[in-house]
Amino acid sequence: VHPFWGVMRTTKMSSRDELIARIEALKDYHPQKDLRDPRLLDLVQEVASAGTSLPDDGRFLAELLEKEYDALGNGGDLLVCAALRGAIVGRKIQEAVPVLNRMLLDPRTMALHEDLAETLGRMGDESSLPFLVKAIESPEVWVRAKSAESLGRLGVQGAVGPLLSLLQDDSDNVREYAIEALAGMRASEAVKPLIALAVTPEEGSWIRSTAIRALGQMRAVEAGDLLRKLRDQEDHRDVKKAAAKALAALNDSK
């Protein structure tokens with residue numbers, strides 16, 4: 001589990017004062033911030049849990065995050081930002097989206113970019129679209145992958161072109177996430193590129209099978225002849241099996 005994502009522990013309802021006290025305890029503890037230190041991670045979780053259990057105080061959490069983020073390099077603490085982000089995504093506090101958008105592209109918060117990319121998809125705010133599109137240019141594989149996933153979650157037309165561009169990514173992980181995002185959106189523009197992936201022998205069986213499953217999920221009837229050919233003539237077992245399942249999905253849609 002990513003140390004900044006963690007698993008929220010539920011607590012009794014907390015007050016603003018309790019949350020501030022937990023933040024101060026985190027800041028005061030172990031200045032070296034060794035992430036292998038279990039106590040440090042416990043303190044991060046305690047901040048997140050206290051924020052999660054605040055009674056209907058989303059704006060306060062959003063303001064705390066923005067204040068901490070704006071102070072990075074001048075007393076602000078990245079671990080506090082990480083903990084507050086965890087509380088915010090758990091409660092889907094929309095007031096925090098603007099600062100989360102900014103954090104996604106800030107080099108100072110690079111350690112959080114993967115989590116932030118996923119968070120913005122969960123928040124589901126269309127204002128995040130340009131930030132997620134920019135994030136697919138990240139040198140980090142999982143930032144690109146999670147950005148692709150979140151673009152699919154947003155499900156807006158402006159996400160289709162960037163997702164199609166990721167079908168050429170150097171990482172199969174990123175390509176898989178982009179394929180699945182396009183399939184979830186039922187993006188008709190993706191059918192021809194997915195067919196091309198499905199029939200390209202130079203592609204690995206993983207990507208070919210993912211593209212084939214996507215065609216079935218999208219009920220792409222124009223791929224029917226190809227899928228039958230792959231089911232009947234393909235040598236690779238995984239590709240053959242994926243084609244058979246995709247055909248079954250097409251038949252179920254009739």
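Reader: Before we start, what counts as a pocket, and what makes a residue part of its lining?

Author: A pocket is an open set of grid points with protein on both sides within 12 Å along at least five of seven lines, and lining residues have an atom within 4 Å of a point. Keep in mind that this is a predicted model.

Reader: Ok, so which residues line the largest pocket here?

Author: The lining is made of L104, L105, P107, M110, H113, K134, A135, E137, S138, P139, E140 and V143.

Reader: How do those divide into nonpolar, polar and charged?

Author: You get 7 nonpolar, 2 polar and 3 charged residues in that lining.

Reader: And how much space is in there?

Author: The largest pocket holds about 180 Å³ of space.

Reader: Switching topic. How many helices and strands does the chain have?

Author: The protein chain has 14 helices and 0 strands. Read from the N terminus, the order of elements is α-α-α-α-α-α-α-α-α-α-α-α-α-α.

Reader: What does the C-alpha trace span?

Author: Along its principal axes, about 65 × 35 × 30 Å.

Reader: What share of the residues is buried?

Author: Of the 254 residues in the chain, 50% are buried. The accessible surface comes to about 12400 Å², and carbon and sulfur atoms account for 50% of that.

Reader: Which residues touch the most other members of the largest nonpolar core?

Author: That core has 83 residues, and L19, L100, M103, L163, L194 and I212 are the ones touching the most other members. As a general point, nonpolar side chains in soluble globular proteins tend to be buried together.

Reader: Take L19 then. What is it in contact with, leaving aside neighbours within four places in sequence?

Author: L19 is in contact with V47, A50, G51, L54, F60, L61 and L64.

Reader: What about contacts across the whole chain, how many join residues at least 24 apart?

Author: Counting contacts between residues at least 6 apart in sequence, 67% join residues at least 24 apart.

Reader: New topic: what's the phi of R186?

Author: R186 has a positive phi, about 55°, although it is not a glycine. R186 sits in the loop between helix 10 (172-185) and helix 11 (191-199).

Reader: Why is R186 called partly exposed?

Author: Because its relative accessible area is 47%, and partly exposed covers what falls between under 20% and over 50%.

Reader: And R219, where is that?

Author: R219 is in the loop between helix 12 (205-217) and helix 13 (224-233). R219 also has a positive phi of about 55° without being a glycine, and R219 is partly exposed, with a relative accessible area of 35%.

Note on methods:
Residues are numbered from 1 along each chain as its sequence is written. This is a predicted model: local features need pLDDT of at least 70, side-chain atom pairs count only at pLDDT 80 or more; totals for chains, interfaces and linings use all residues. Side-chain values use heavy atoms; hydrogens and water are left out. On a 1 Å grid over the protein atoms alone, a cavity is a set of points where a 1.4 Å probe fits but cannot get out, and a pocket is an open set with protein on both sides within 12 Å along at least five of seven lines; lining residues have an atom within 4 Å of a point. Grid points are joined across faces, edges and corners, and a volume is the space filled by probe spheres set on the points. Ala, Val, Leu, Ile, Met, Phe, Trp, Tyr, Cys and Pro count as nonpolar, Asp, Glu, Lys and Arg as charged, and the others, Gly among them, as polar. A nonpolar core is a set of buried Ala, Val, Leu, Ile, Met, Phe, Trp, Tyr and Cys residues joined through side-chain atoms within 4.5 Å. Buried means under 20% relative accessible area, exposed over 50%, partly exposed in between (1.4 Å probe, protein chains only). Contact means heavy atoms within 4.5 Å. Helices (H or I, at least four residues) and strands (E, at least two) are DSSP runs, numbered from the N terminus. Accessible areas come from the Shrake-Rupley method with a 1.4 Å probe; for residues, only the protein chains shown count as cover.
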